[in-house]
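Dear colleague,

I am passing on the structure we spoke about, together with some notes on how parts of it are put together. Please have it open while you read.

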Amino acid sequence: MNFLSVENIAKSYGELVLFKDISFGINEGQKIGFVAKNGSGKTSILKILSGEDTPDNGNVIYRKNIVVAFLPQEPNLDGQLTVEQTIFAADNEILKIIERYEKALTNLEDTDAYQHAFEAMDAAQAWDFETLYKQILSKLKLENLDQKVSTLSGGQKKRLALANALLNKPDLLIMDEPTNHLDLDMIEWLENFFAKESITLFMVTHDRYFLERVCNEMVELEDGKLYSYKGNYSYYLEKREARIDAEETETGKAKQLFKKELDWMRRQPKARTTKSKSRIQDFHEIKDRASQRRNNHKVELELNMERLGSKIVEFHNVSKSYGDLAILNKFNYNFLKGERIGIIGKNGTGKSTFLNILTGKMKPDHGKLIIGDTIKFGYYTQDGIVIKEGQKVIDVIREFGDFIPLKKGKQISAQQLLERFLFDRKKQYDFVEKLSGGEKKRLYLCTVLIQNPNFLILDEPTNDLDIVTLNVLEDFLLDFPGCLIVVSHDRYFMDKVVDHLFVFRGDTVIEDFPGNYSDFRSYEDSAILDKREEKTESTDKKSWKKDAPTNKLSYNEQKEYNQLEKAIANLEKERDRLQTQFATENWNVEEIKKKSEELQNKIDAIETKTERWFELISKMEE
């Protein structure tokens, strides 16, 4: 079933032509990843599909009564509403039924209102949807439903807009960088959600693992042409390479034919016959084909980096707190030459504080930091580039000099540098405010790298960069001879460029894991599974002493630990039984009130016992 058809659309801004004569369709069940370079019109196409913008030419035709939702990079939300009001403001009848039921639960004295709300939930079969509603809010960490939208951070607003889009149950969901501002757990949950949900997707994302695991089709916009690939991201890479090889073969043949026809043209000063006129027209077409060349620039900078000495950076008993919140506690670490470290951890666990102490932007409360004499930091932050009014792209680079020294006594001009970072000569004289978000990030990255750092720190470098630029950056980093620290939610990027991880667990715990992110995830999943299986199989009360030689629990704590899993499993069964009864039993108001309290008590008990289970696990691992 066709949901949407795009017919010969075009979009320009002044003399800048983004695209023209673009046509494609979106059918039910497709999960399409849209790939293109920054500045080629990806966001413009998404806005046209969602109805937020109109093409200069052409049409977008929607199937009658189709529900379309759009998740932009920068959501436009009403700051005066609360989180809960924003969600319930959606044009979704089931959400409105849930809203009335939630309000009725806060005023059980009004028995008529409660009965009507309960019956409406039953009639609409909204109980499962209510469970989904709570699950989505929990997974996206939107627990404070009374918080005003105006007080939310940019990341919280993006997560709220994502929750709104998912709960609106659209037929077609259009998304622009949906994984930005999501932590790794959220991204993996969202992958699983889309794998289970029968929802049609059209999205732009730089997260290549997300494309691999969610999409069943890829569409690429390159040099104004669309190419479609019926498969996931790895299939797209394979077939794209085959297409490029075929194009290069055709170009080679055209060059040979061009030489032959050029010789004929030189011998024919005038086109006297119809046949010769036709051949002259064909010659110009052959000339165009023969002169085609792929514009695949790569950043190949052999930076004249200052030599790393024997001493890099040393942390000695470094501690840092904010009031009662401890971030670092007697942290010790000596960086070695060529180290490539990825940093992961939930928000609030101290990642940014650690980087600010490392770069001297913040002082530790206790301990000391020793930095080698030859160390020069390059710090790419999430804040981005500071633009002066009326500044052009070339001016931004020239603030650092007209020439940048390379190895072997060579140098590169500011213009040449920009060309290697995919800014052609015409683009270099554009005003910076005209650049797309991704192009500004690419320019900012350039300003960091040309300073010849030998200790490079990249804080979320992949946000807003297209996949083409990411491949260029990865190639550069693989050859970078200095020390590298990367904070990123892009699992593919982390897997490719880092050797080991600092895992920020919170409560001043920082683990050094020997491997990339995929190694860490596999280890975490298997470790939790192994622990559960070991404790389930163990029936001997004393077996824990020999089975866990590193166990640091007391005898009473071990007894408590052994009982917790069984208690949690029983509570989960009771919770599920009560939830089922709510949908099937014909209780009166008093019974409903009593059972609601009982259900909430079960849920609270599960959360409390689960937290205690994790506390004991952590203690065993100390």
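How many bridges join strand β12 to strand β19? Keeping in mind that this is a predicted model, the count is five, between residues 340-345 of β12 and residues 500-506 of β19, and the two strands run parallel. If you would like a place to start looking, take Ile-341, whose bridge partner in β19 is His-500.

Both strands belong to an open sheet of six strands with mixed pairing, and its order reads β14-β17-β18-β12-β19-β20. At the edges lie β14 (377-380) and β20 (509-513), each of which pairs on one side only. On average, and ignoring direction, neighbouring strands of this sheet are turned by 15° against each other. Helix α15 (residues 437-449) packs on the sheet, where it touches β14 and β17 (455-459), and the direction of α15 makes about 170° with that of β14.

The other item concerns a pair of helices, α5 (residues 127-139) and α6 (residues 154-167), which pack at an angle of about 160° with their axes 10 Å apart. Since angles over 145 degrees count as roughly antiparallel, α5 and α6 are therefore roughly antiparallel to each other. The crossing in which α5 passes α6 is right-handed. On the α5 side the contact is made by Phe-129, Tyr-133, Ile-136 and Leu-137, and on the α6 side by Ala-163, Leu-166 and Leu-167. Sorted by class, this contact of α5 with α6 has seven nonpolar residues, with no polar and no charged ones.

With best regards

How values were computed:
Residues are numbered from 1 along each chain as its sequence is written. This is a predicted model: local features need pLDDT of at least 70, side-chain atom pairs count only at pLDDT 80 or more; totals for chains, interfaces and linings use all residues. Side-chain values use heavy atoms; hydrogens and water are left out. Axes are lines fitted to C-alpha atoms, for helices over the stretch in contact, and angles run from 0 to 180 degrees between N-to-C directions. Helices (H or I, at least four residues) and strands (E, at least two) are DSSP runs, numbered from the N terminus. Angles under 35 degrees count as roughly parallel, over 145 as roughly antiparallel, 65 to 115 as roughly perpendicular and the rest as oblique. A crossing is left-handed if the near helix is turned anticlockwise from the far one by less than a right angle, and right-handed if clockwise. Contact means heavy atoms within 4.5 Å. Ala, Val, Leu, Ile, Met, Phe, Trp, Tyr, Cys and Pro count as nonpolar, Asp, Glu, Lys and Arg as charged, and the others, Gly among them, as polar. Two strands pair if DSSP finds at least two bridges between them.
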